[in-house]
Amino acid sequence: MTPHGPSLPHPGTGEPFVSPVPPGAGWPEDLATQRTPQASTADEVQALAASSRTLDQLDARVQVCRACPRLVTWREQVATTKRSSFAEQPYWGRPVPGWGDPHPHSLIVGLAPAANGANRTGRIFTGDRSGDWLFAALHRAGYANQPTSTHAADGLALTGVRITAPVHCAPPDNAPTTIEKATCAPWLHRELTILEPDLRSILALGGIGWQQVLGAARRLGWQVPRPAPKFGHGAAAVLMTPSGRSIQLLGCYHVSQQNTFTGRLTEQMLDDVLGRL
């Protein structure tokens, strides 16, 4: 990673950072350092994910992953060219790990970071309209201490819920390739393994999140209903772990602007699903 351009003040702390932000530079919620092992291939992702002993170690390794060349190029290009409205801010420009309660009873699974949202702020679903919808709903449901998430030093905290994604880098056109999804999958597999003792439900935002959760469940030896449950808003299925625990999988239309602006997903529909976690 080669940072470009001048150092600019972080919108929350005022500390100066170049874009993309090097690991260990002091960005809020950055768990990685210059010594954090970095995956550059799919095999290395598999090995580093499998050997991660804790959630923090897993998240730190996610934050420095460079296994998908197209995604690395795109996320860093966006971090240096920037959207004009954020031109005076530094961009994170690195993979975005899961975030929230370290011992959640519910996991929310999206798709991938937004180019000028989480790719800019370094926190999942933070800094764009999708995040505005999601965190406002989590606050209404009692899972978030405030209704907004603007940057990684804004004081937001989640209780009982963690949010993650099956792809951790912003993809061009919000469309990761099949190979990119497969390369990133071991991070989710390990995340689910670490979280499983506390989990009682998983909420998939959109069809890709739903399919990635089912694929991860099969890979981990969880029992998945046959035929495979189909995604839909309000869809539900029960997954059984090898330890005999049942975990409810719920479906929800993604909180993208294509759904929220058109009324395909309303606040009430989102609230109703969150009420089932």
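Trainee: What residue classes make up the lining of the second largest pocket?

Mentor: The model is a predicted one. In it, the lining of the second largest pocket has 7 nonpolar, 4 polar and 6 charged residues. Asp and Arg count as charged, and Leu and Trp as nonpolar.

Trainee: What is the volume of the second largest pocket, and which residues lie closest to its centre?

Mentor: The volume of the second largest pocket is about 230 Å³. There are 17 lining residues, and L31, D59, G98, W99 and R162 are the closest to the centre. Gly counts as polar, so G98 belongs to the polar class.

Trainee: Which elements supply at least two residues of that lining?

Mentor: They are α2 (55–63) and β3 (99–100). The largest share comes from α2, with 4 residues.

Trainee: What is the volume of the largest pocket, and which residues are closest to its centre?

Mentor: About 730 Å³ of space lies in the largest pocket. Its lining holds 31 residues, and those closest to the centre are A114, D128, S130, N174 and S256. A pocket is an open set of points, whereas a cavity is one the probe cannot leave, so the word "pocket" says that this space is open.

Trainee: Which element gives the most to the lining of the largest pocket?

Mentor: That is α7, with 3 residues. At least two residues come from each of α5 (129–140), α7 (207–219) and α8 (257–260). By class, the lining of the largest pocket has 14 nonpolar, 13 polar and 4 charged residues.

Trainee: How many cavities of 30 Å³ or more does the structure hold?

Mentor: It holds 3. The largest cavity contains about 90 Å³ of space. What makes it a cavity is that a 1.4 Å probe fits there but cannot get out. Among its 14 lining residues, C65, C68, L71, C169 and C184 lie nearest the centre. Both α3 (69–81) and α6 (178–195) give two or more residues to this lining, and α6 gives the most, with 4.

Trainee: How many residues of the lining of the largest cavity are nonpolar?

Mentor: The number is 9, beside 2 polar and 3 charged residues. Cys and Leu both count as nonpolar, so the five residues C65, C68, L71, C169 and C184 fall in that class.

Trainee: Which residues line the second largest cavity?

Mentor: They are H10, P11, W27, Q89, P90, R120, T121, H151 and A152. Its volume is about 40 Å³. The lining divides into 4 nonpolar, 4 polar and 1 charged residues. Arg counts as charged and His does not, so the charged one is R120.

Trainee: In what order do the strands of the open sheet stand?

Mentor: The 6 strands stand in the order β3-β5-β4-β6-β8-β7, with mixed pairing.

Trainee: Why is one side of β3 and of β7 left without a neighbour in the sheet?

Mentor: Both strands stand at the edges, and each has a single partner strand, so one side of each has no neighbour in the sheet. The residues of β7 are 236–240.

Trainee: How do you know that β7 and β8 pair?

Mentor: Two strands pair if there are at least two bridges between them. There are 5 bridges between β7 and β8 (residues 246–252), in the antiparallel sense, so the pair meets that cut-off. Within it, V238 is opposite Q248 of β8.

Trainee: Which strands does α5 lie across?

Mentor: It lies across β3, β4 (106–109), β5 (161–164) and β6 (201–205). Relative to β5, α5 runs at about 170 degrees. Angles between N-to-C directions run from 0 to 180 degrees, so this value is toward the upper end of the scale.

Trainee: Where are the cis peptide bonds of P20 and P227?

Mentor: One joins S19 and P20, with omega about -10 degrees, and P20 is in the loop between β2 (16–19) and α1 (42–50). Another runs from R226 to P227, with omega near -5 degrees, and P227 is in the loop between α7 and β7.

Trainee: What does the UniProt record say about residues 97–274?

Mentor: The unreviewed UniProt entry annotates them as "domain: Uracil-DNA glycosylase-like". Over this stretch the chain is 33% helix and 15% strand, with the end C-alpha atoms 22 Å apart.

Conventions. Residues numbered from 1 in each chain as written. Predicted model: local features only at pLDDT ≥ 70, side-chain atom pairs only at ≥ 80, totals over all residues. Heavy atoms only, no water. 1 Å grid on protein atoms, 1.4 Å probe; cavity = no way out; pocket = protein on both sides within 12 Å on 5 of 7 lines; lining within 4 Å. Points joined across faces, edges and corners; volume = space filled by probe spheres on them. UniProt positions renumbered as here; feature names shortened; annotations may be inferred. Contact = heavy atoms within 4.5 Å.
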